[in-house]
Amino acid sequence: MKEKKKIKSSDNKVLPILPLKGTIVFPFLIVPLMITDPEQTRMVDDALMRGSRIAMFLQKDEKVENPGLDDLHEIGVSGNILKMLRFPDGSVRFLIQGLSRIKIKRVAATGPFLSAEVTNVKETLADQVKMDAMKHSIMEKLKLFIELVPSVSEDLHASAMNQDTPSKLADYLASNLQIEANQKQEILEELNVLKRFKKVYTILNREIEVLEISQKIQAKAASELGKSQRDYILREQMRAIKKELGDTDDHNEIEEFEEKILDANMSEQVEAAALKELDRLSHMSPSSAEYTVSRTYIDWLISMPWSISTEDKLDLKKAKKVLDEDHYNLVKIKDRILEHLAVRKLKADIKGPILCFVGPPGVGKTSLGKSIAKAMGREFSRVSLGGMRDEAEIRGHRRTYIGAMPGRIIQSLKKCGSNNPVIMLDEIDKLGSDFRGDPASALLEVLDPEQNDTFSDYYLELPFDLSKVMFVTTANWLEPIPAVLRDRMEIINLPGYTDIEKLAIAKEHLIPKQLENHGVKNSQLKIHDSAVKVVIDGYTREAGLRNLEREMASVIRKAARKIASGYKKKITYTGEDIPKLLGPQKFTREGLSRESMIGVVPGRAYTSVGGEILFIEATSMAGNNTLTLTGHLGEVMKESAKAALSFIRSNAKDLGLTDATFEKKDIHLHVPSGATPKDGPSAGITMIVALSSLFTGRKVKPALAMTGEITLRGQLLPIGGLKEKLLGAYRSGVKTVLLPEENRKDTLDLPVEIKKNIKLKFFSHVLPAVKFALEPMSKTKKK
């Protein structure tokens, strides 16, 4: 290391020039410099040895390797080299102290290094008051600057205070500010000290503003980062707790939901609503109650079969085979299903039919729905409407309610997983209504093919297309169904079964089913047809098959017990064995043919459980010509009774009666089973025959029943439920039935068994019917 010899200050005019790159040396400040150029190294070494000053000028362009005079700025600084160090790589590092601002007058030499004649430049001082004010302002800004920059030592402020002239203070601050070299050069070239102060002040003020804004940004970022870190820590803690509880969730639920929504093939409207709800969910806290509600709603939207359909099996032969395997007879219904499949084969976008099966219990209405779905290759769902009183069961609850859910229709669609299932609405005639609404009215939209393609459930609040769904409803009775709802359905009647049909169904379906249910093999038990006939005749009296199946199950259980006890031989049951197994017969078909009584006439009634026998009893006593009606009769039956009495009195001569027959007599008309409500006009002919028997003293012919509505003029009007009433008559042992003439057309599709065993007599007027129904007087007296 070399040191400069102390020499007296001399005013050298010609100085070697050291070009500077990106560095400014201000007067009176000591700055470390480093050079690697060999020529500049020799120049510095020579100046140090001779104790000479050097001139330093900033290059205009740092990329120029051997700058000339034109490549240097006009104003520079002269300086003394204080110390110098050489390093093994050939570089030289030295300390230099600036002395004064200088200006080049002319080039003195260009080799071996550049030297020029320079002259000092003089500074311009301003008014002392202005200078002091400027100095005070700069020192305040400097203090604030130091506070904003923790890395700047407070010694900077103390050193600035110790500068004895304004020029030195401005240069000192400019040297310590982190600004571009060109900006420092501008300050160096400013010879007016006041203006130099202003430039430094402006730069310092700008730096402070930048620092303040930077601090605000950092504070905000730190705040957000702090919240993010806090949330991250809390989530990690929650994940750790869930892991300990065994309740881990490795998937991002929101992303998973979004992926499912996009894969669900929803309509644009539904997809937009789902994504909007998902966005709401993403901003909710999982611990909030609303989060669960929103999540459940999105889950319902995703799980709905918006565009999922099962492909219909359009092979008509296979469909017919499936229907025949599951159900005996029922030709009309099977034809209707096959017709629908045929049309689907010709026109794919046909809307689903809405069928209503009406018939007594046990005839197979509900099981038909499953067979239809099986034959068509569709999913099946059953919705029981019996006793339903809340409209929300159909249309769903609004999501504002706690525990809200979609209605039964939407639930069925989700369960089936397709938008074209067979949905059976069971017991539609048992719907109720109260303050919660009317479910029957809610079904109007569901069962209307013109409206249900945009069915909106209160929970989903989005349209769902039900036009592809095949709705099948069942009812025991048409009357309770509102007319507007009945009008939307295609009514198909399922009458009761005849004995022959019951025997065939028992052999093909009921007995094999019960054998399987009880674990009994065909090789272990044989039930003869005679045994089944005895059960049908003596132990059941119904339109359907439930009691028959129940009794056959009882017979098979007796055999199962015997087999379980170790009996090895094959068991055979005939008709003679049934009373031993089931006890005495419960019913007899000969009950109606017992000795008849005057004033007692059997009629026919159609109830929700099929055709039933209905006795009309009439008697008279001394009194004041009053008519008493009992037996829980409805208004229509009461009016029929009054009309019957009026007709008999007005046609007394034709019946062989006189006015004295009716004088001072009270007449009592009673219909047994008084606890059972009865109504309808079809008992009119029965009441006339009962009253005629009473007044004439003639009995009714045995095994005879009748039904028909009457008018005051004696006309017989047609009645409904003819097939069911005739089936009931056959089960009761009736041999002859009197019917209105207009019902003759309804007998064309009667079962052969009824036509063979029951004689049907048709009348258009009451009088011939009465004369036919009553036995001759002579025969009555003999009895």
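## A tour of the cavities and a parallel sheet

A search of the whole structure, which is a predicted model, finds 3 cavities of 30 Å³ or more. The largest cavity, with a volume of about 50 Å³, is the opening stop.

Select Leu 20, Thr 23, Ile 24, Val 25, Met 56, Phe 57, Leu 58, Ile 75, Gly 76, Val 77, Gln 185 and Leu 188 to display the lining of the largest cavity. Next, colour β4 (54-58), β5 (75-86) and α5 (181-189), since each of these elements supplies at least two residues of that lining. Colouring the lining by class shows 9 nonpolar residues and 3 polar ones, with no charged residue.

Now turn to the sheet. Select β9, β10, β13, β8 and β14: these 5 strands form an open sheet in the order β9-β10-β13-β8-β14, with parallel pairing. At the edges stand β9 (380-384) and β14 (490-493); each has a single partner strand, so one side of each is left without a neighbour in the sheet. Viewed across the strands, the twist averages 20 degrees from one strand to the next.

For a closer view of one pairing, select β8 (residues 354-358) together with β14; the two run parallel and are joined by 4 bridges. Within this pair, centre on Phe 357, whose bridge partner in β14 is Ile 492.

Finally, add helix α14 (residues 408-416), which packs on the sheet. Helix α14 touches β9, β10 (422-426) and β13 (470-475). With α14 and β9 both displayed, compare their directions: the angle between them is about 155 degrees.

Terms used:
Residues are numbered from 1 along each chain as its sequence is written. This is a predicted model: local features need pLDDT of at least 70, side-chain atom pairs count only at pLDDT 80 or more; totals for chains, interfaces and linings use all residues. Side-chain values use heavy atoms; hydrogens and water are left out. Two strands pair if DSSP finds at least two bridges between them. Axes are lines fitted to C-alpha atoms, for helices over the stretch in contact, and angles run from 0 to 180 degrees between N-to-C directions. Contact means heavy atoms within 4.5 Å. On a 1 Å grid over the protein atoms alone, a cavity is a set of points where a 1.4 Å probe fits but cannot get out, and a pocket is an open set with protein on both sides within 12 Å along at least five of seven lines; lining residues have an atom within 4 Å of a point. Grid points are joined across faces, edges and corners, and a volume is the space filled by probe spheres set on the points. Ala, Val, Leu, Ile, Met, Phe, Trp, Tyr, Cys and Pro count as nonpolar, Asp, Glu, Lys and Arg as charged, and the others, Gly among them, as polar.
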